[in-house]
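Please open the structure in your viewer and keep the selection tool at hand. We will go from stop to stop, selecting a few residues each time.

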Amino acid sequence: MLATVISAAVLGVDAFRVTVEVDQALGLPGFATVGLPEGAVKESRVRVESALKNSGLKFPQRRITVNLAPADIRKVGTAFDLPIALGLASSMESFSGQLLSTTLVVGELGLNGEVRQVPGAMSMADMARQWGLQRMICPAGCAAEAAVVGDVQVLPVHHLSEVIDFFAGRDEPQPLQVDPDSALERAGCDDIDYSDVRGQEHAKRALEVAAAGGHNLLMIGPPGSGKTMLARRLPTILPPLTFAEAVETTKVYSIMGLTRPGAALISRRPFRAPHHTVSDAGLVGGGNLPRPGEVSLAHNGVLFLDELPEFRRHVLEVLRQPLEDACVTISRAQLALTFPARVMLVAAMNPCPCGYLSDPSHVCLCSLRTVQQYRAKVSGPLLDRIDIQVEVPAVPYRQMLDSRPEQSSAEMRQRVTQAREVQRRRFRSQQGVRCNAQMPPAMVQRLCRLDDACRKLLEGAVQRLGFSARAIERIIKVARTIADIEQAEQIGPVHLAEAIQYRSLDRAVAL
């Protein structure tokens, strides 16, 4: 007797259809799983047998063969437990063939028959929609994220017996409905705010410009000057996620199993801060079966690299392609996977190994050669991809004790949101461009025209500081963002001058 159940597996950030074929034949009892199953899939036999017995059904004492088609793609995870159990139960129950052929079934089984959450539910629901399936049966813990996709009826279940009763026509779970707007509501208030930071108005301005245009940013300053404090508050001034951005981000977190049970969407922009001991695979993704890295987990959010020169050089170099292309492509002998990686890179570093270069309160003991070697740990091509480089000096003692109110995140976020709205209107007909930092060169030439005064100012800066072509393009993008914050139609000399002074590391080291 042969039963066929439609299921799914995740490859990269997308899901693909898997047909679970369960055949029961006469002969010595046995259980074989074919179709390139990995360890967790092979172990499903034990979970399925116990779940069936504890749900009041007998495990068939026959020669059982489970085929996971297509058989040439490796299958990983525990999402096939429920469809395998359903296929075995079909020999003991009368199931509707029409229901089986139009329903996607995924879920891990506990030994007591409990249906447990599996990663990638949103990608699987999207696949069901593309294949024209009518409904999806999945664990209640991940049903909300699946229901966000729409056009597919999502039936949340808690126990194997509920699934069997549904296909036998005895009961039907209530479909889950999710309102995308309510799922995107900003949860609670931020417990951190830029009003907590004393002084550093220049750095706050640079962070506001970076947030308004989606620009990468590097802060250089002595220990204790507040670089990490400033960076961790950046998400509080970023504009809210759009629905499309939230879906993209949730897909990445879903396949990694990092979504909260019952949560429909990632509603806040991610902030990822990996330690400097991270490997290149941990940062951009990899492994035998490639998985997303920190740069993809920060998609549509902030990737913060503290103590930038302490990261291994080859780890930093693998960031160059994701920062340029907004994606990570990992190639293996049999497949190539692409993960999204549209991030704001925010980094922090000391000006020298001891940290006190140019600090009036401390004496720097580093030689010029030592400082140059320290800064050379961050390559020129990577620095070219960082639009804004700003110095963060130590805050004077008197300023730290000043009781006057500081500028709040809400005030900064209002200006950032207004600037982003200007950019949204500017790029509404441009596919894949959402902010100034994402403009390709041809669009920069068309939308960021400079008058004679600006050209003369930029020419003088290039002659003095020797900017590369990439650095010049990024200066113009930053100037366009500053003009957007000021609600100016054209880039003016004052906007361009501010953008030029955000290139601290292009100047010579002064001891």
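The tour below visits a core, a pair of helices and a loop.

This is a predicted model, in which local features need pLDDT of at least 70 and side-chain atom pairs count only at pLDDT 80 or more, while totals for chains, interfaces and linings use all residues. Residues are numbered from 1 along each chain as its sequence is written, and side-chain values use heavy atoms, with hydrogens and water left out.

Begin by selecting Y194, L217, M219, L230, L234, V346 and I388, which have the most contacts inside the largest nonpolar core, a set of 50 residues (buried Ala, Val, Leu, Ile, Met, Phe, Trp, Tyr and Cys joined through side-chain atoms within 4.5 Å; buried means under 20% relative accessible area, with a 1.4 Å probe and protein chains only). Keep L234 and add Y194, L207, A211, V302, M344 and V346, with which L234 is in contact (heavy atoms within 4.5 Å), leaving aside neighbours within four places in sequence. Another core, of 37 residues, lies apart from this one and includes F16, L86, L88 and L100.

Next, select residues 81-89, helix α3, and residues 160-167, helix α7 (helices are DSSP runs of H or I, at least four residues, numbered from the N terminus). Here L82, A85, L86 and A89 of α3 meet L160, V163, I164 and F167 of α7.

Finally, select L133, in the loop between α5 (121-130) and β8 (135-139) (strands are DSSP runs of E, at least two residues). L133 counts as buried because its relative accessibility is 6%. Add T102, which is 31 residues away from L133 in sequence, yet 5.0 Å away in space, C-alpha to C-alpha.
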